[in-house]
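Thank you all for coming. Please take a moment with the sequence and the structure on the screen before I begin to talk through them.

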Amino acid sequence: MDIDPGADGSVPPVPPVPPVLIGNSSDVGWKYGKYCDPNNKSKVKCDFCGHISTGGIYRFKKHIVGVDNVVASCKKATPEAKEACKKALEKTVVTKGLKRQHDQDLRDDVHISSSVGEEVCVGSSTSEPNKVGPMDKFVRPIDGKSSKEEALRQLSMNEALFKERVHQASQYVARWVYTHAIPFNALDNDEFKQMCEAIGKFGPGYEPPSQFDLREKLLTEEYARTKSLLDDREAQKIKLGCTIMTDAWTDIKRRSIMNVCMHCSGGTSFLKSKETSDVSHTGEVIFELVDKAIEEVGAQHVMQVCTDNASNNMAAKKLLLEKRPKIFWTSCATHTINLMLQGIGNIKRFKSIVDQAQKVTIFIYAHHKTLAYMRKCTKRRDIVRPGVTRFASNFLTLQSLAEKRDALRGMVVDRAWEEMPIVKTKKGKDATATLMDANFWKGVTLCLKVFEPLVSLLRLVDGDVKPSLAWLYGEMLKAKTKIKEAFGNNEKNYRETIAIIDKKLKGRLDSPLHKTAYLLNPHYTYANKDIFDDSSMTVALMKCAEQYFGEDEISAKKMINEEWLLYENMEGPFKKKLATSWERADYNPVGWWKLYGTEVPLLQKMAMRILSLTSSSSGCERNWSIYEMIHTKRRNRLTTDRLNNMVYIQFNTRMLSKRQRLKDKKKADSLLSTDASEAQGWLFEGGDDYAVVVFRDEEDGDQGVHPASGIPYDVIGEAMGAQEQLQVRRSARVRDLEEEEFESDEEDVLEEDEIEYEDDDEY
């Protein structure tokens, strides 16, 4: 029941909220059981027979299934409940097995040459010998002739000594982490595990590399190794084409660096960076950098260049089209969608809700007692969810608020909250009233309904999960339809929102290339044949074909006049029953054309190359965070070449790991960030001014150019340091969530002998 504040702003007393007796997760076990005591998560009571399991939800599921003699089985559980819990247990076993296999594969990949005559460490599971450590003199192999009792006693001693050795080694690792402020999550990556395995296999006496070795020989070797891992992308680039992406970055020494990346169907890879401190970022400079990159990659393999819509990039576009008329130049979809979210977020009805929500989180996070009590009520789930941009943070945090609505409303009517002195201040009363205001929650719901379609599209173009150009235009049309439905299809209500979307869309994401990719995706065109009758689509196809084929008019005419008609009319191989795979949302359009486009070779090749393209240059922008980590104040003497090599290694290694995680179907939200740089507005007043990534739409600002040089005034201002002089300093004011405060989206797999309290996969 919603409770409105009284005339004086106070909240009338309400009955206490009953404690939640199920875990905060989607685990199937909670359908059939509940906590006996919300403060004791190890005891779960069965809804069928009343039995109390003392090992958490994991052991409770064993009770339902009756999996072994150790756990008492339920005699009253339904077959459906047993089958559901059995599948959940089997999935857990498979997940644990895959993790163990992955860890073992990492160990097996470590090879350290050994000298002759080395002793083997007792209990080693590896095929390569280990040197004996200081503790091995207390451990001896179990004698096969000993009695069972003696063998068990010796085994117990070995296990105890082994655990002590692990603990002692871990103390040294912890000391290094604490002393040098190493992020805790750095210990979760595969490279750290392999490093530990390599040192262990080497044995005592290992001398770490010198700084000189790390700067020179080892850096060069790792650069070469990383480059070799990307060899398979060369074949993809040759077969399906690629995209060149570029963006600029300024380091802490005010050196301007321009990054160049390449995207193919295998993902994004970093190519190089160039220092441009001594020149202004004019169209000519950008053109020369992009043109050189195209030459190095191979002009015949480059299908498009993707950047944001800045005026200097548009000037470079004109120069490139004059020299290389067959290469497309498109605007970054991530940048454009963020501009849409920014414009919609500035509409009064949405801005007021975001402002109210921010005041609530700012108040809670500003005081230790309110923050601690909020985390107690939400089971240590933070409200603020940092995103990769300010607008992603807004959506994710509003979504988080909505998910925790009942917990937050229960919190503010609790006596412990009311008795806090800080809650009795005006800001405290305002926060309490906001959380109990029904209109506020209705506004949050509307915000989420309006933002969600664009945020989903942002995940698509920014996630690098699959080539996104094939889906961008079609999903944008669907997003507009969903937004209209959120307003009840009332034109008066949605007119302003749709107008902002159309304004940002025009000339950016509705180019002939975007529309042609839409036409070439049968997921849309075969589902609605009227699309082929749209004259604007036909004009876009003609323009795209003319640019793609260039001077080869014979091929262009054959493709349009003969091959296209087969595709449009679903004739030949396109009418086969197997070709209906396009109906699935997860189908691969490139693979579809490879299978069913054999009778239209010209159209097939064009379709496969266009549908393999990305629609966003955000992969290039991700270098910013990597540059900032590598080029800190303590390391600002790095040369540009070393900086380039280190970014090449780190960026490409991360992208390869990300692709592997996607291949293994591990969940990852591309909009979530590991730091709170873009969520400052939810942590303190004026925090939005400290956002690292700022989205500007030059169409809404002054586009004047210097009459003599033709250089845009914003470029001249950047060279003069105007923005640096006027911008808010980020140094000491930026606030971050502590590592132990912000829960990771990736849940750890528990060992079977551990109590599984929660395997929450929704945060």
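I will start with the whole protein and then go through a few places in turn.

Before anything else, please keep in mind that what you see is a predicted model. The protein has 30 helices and eight strands, and of its 763 residues, buried ones make up 45%. The protein exposes about 41000 Å², of which carbon and sulfur atoms supply 52%. If we take the contacts between residues at least 6 apart in sequence, 67% of them join residues at least 24 apart.

Let me turn to the strands β1 and β2. These two run antiparallel and are joined by four bridges, and they form a hairpin that has two residues between its strands. To find one place in this pairing, look for glycine 33, which stands opposite cysteine 46 in β2.

From there we can go on to helix α1, which spans residues 56-65 and is mostly covered, since eight of its 10 residues are buried. Which residues of α1 are the buried ones? They are Gly56, Ile57, Tyr58, Phe60, Lys61, Lys62, His63 and Ile64. And what covers them? The cover includes the strands β1 (33-37), β2 (40-46) and β3 (52-53), together with helix α2 (79-108), and so the hairpin strands that I have just described come back here as part of the cover of α1. Just after α1 comes glycine 66, with a positive phi near 70°.

The next place is a pair of helices, α11 (residues 348-365) and α12 (residues 368-377), whose axes come within 6 Å and cross at roughly 105°. Angles of 65 to 115 degrees count as roughly perpendicular, and α11 and α12 are therefore roughly perpendicular to each other. On the α11 side the contact is made by Phe363, Ile364 and Tyr365, and on the α12 side by Thr370, Leu371, Met374 and Arg375. Sorted by class, the residues in this contact are five nonpolar, one polar and one charged.

I would also like to point out two residues that have a positive phi although neither is a glycine. One is alanine 181, with a phi of about 55°, and this residue is found in the loop between α3 (148-179) and α4 (190-202). Is alanine 181 buried or exposed? Its relative accessibility is 64%, and because the cut-off for exposed is over 50%, alanine 181 counts as exposed. The other is methionine 570, whose phi is likewise positive, at about 55°, and which lies in the loop between α23 (553-568) and α24 (589-596). Methionine 570 has a relative accessibility of 26% and so counts as partly exposed.

The last stop is threonine 538, which has its place in helix α22, residues 535-549. With a relative accessible area of 33%, threonine 538 is partly exposed. If you look for proline 512, which is 26 residues away from threonine 538 along the chain, you will find that the C-alpha atoms of the two are separated by 9.5 Å.

That brings me to the end of the tour, and I am happy to go back to any of these places on the screen.

Technical notes
Residues numbered from 1 in each chain as written. Predicted model: local features only at pLDDT ≥ 70, side-chain atom pairs only at ≥ 80, totals over all residues. Heavy atoms only, no water. Buried < 20%, exposed > 50% of the residue type's maximum accessible area, 1.4 Å probe, protein only. Contact = heavy atoms within 4.5 Å. Axes fitted to C-alpha atoms, helices over the stretch in contact; angles between N-to-C directions. Parallel < 35°, antiparallel > 145°, perpendicular 65-115°, else oblique. Nonpolar A, V, L, I, M, F, W, Y, C, P; charged D, E, K, R; others polar. Pairing = 2+ DSSP bridges. Areas by Shrake-Rupley, 256 points an atom, 1.4 Å probe, with all protein chains shown as cover.
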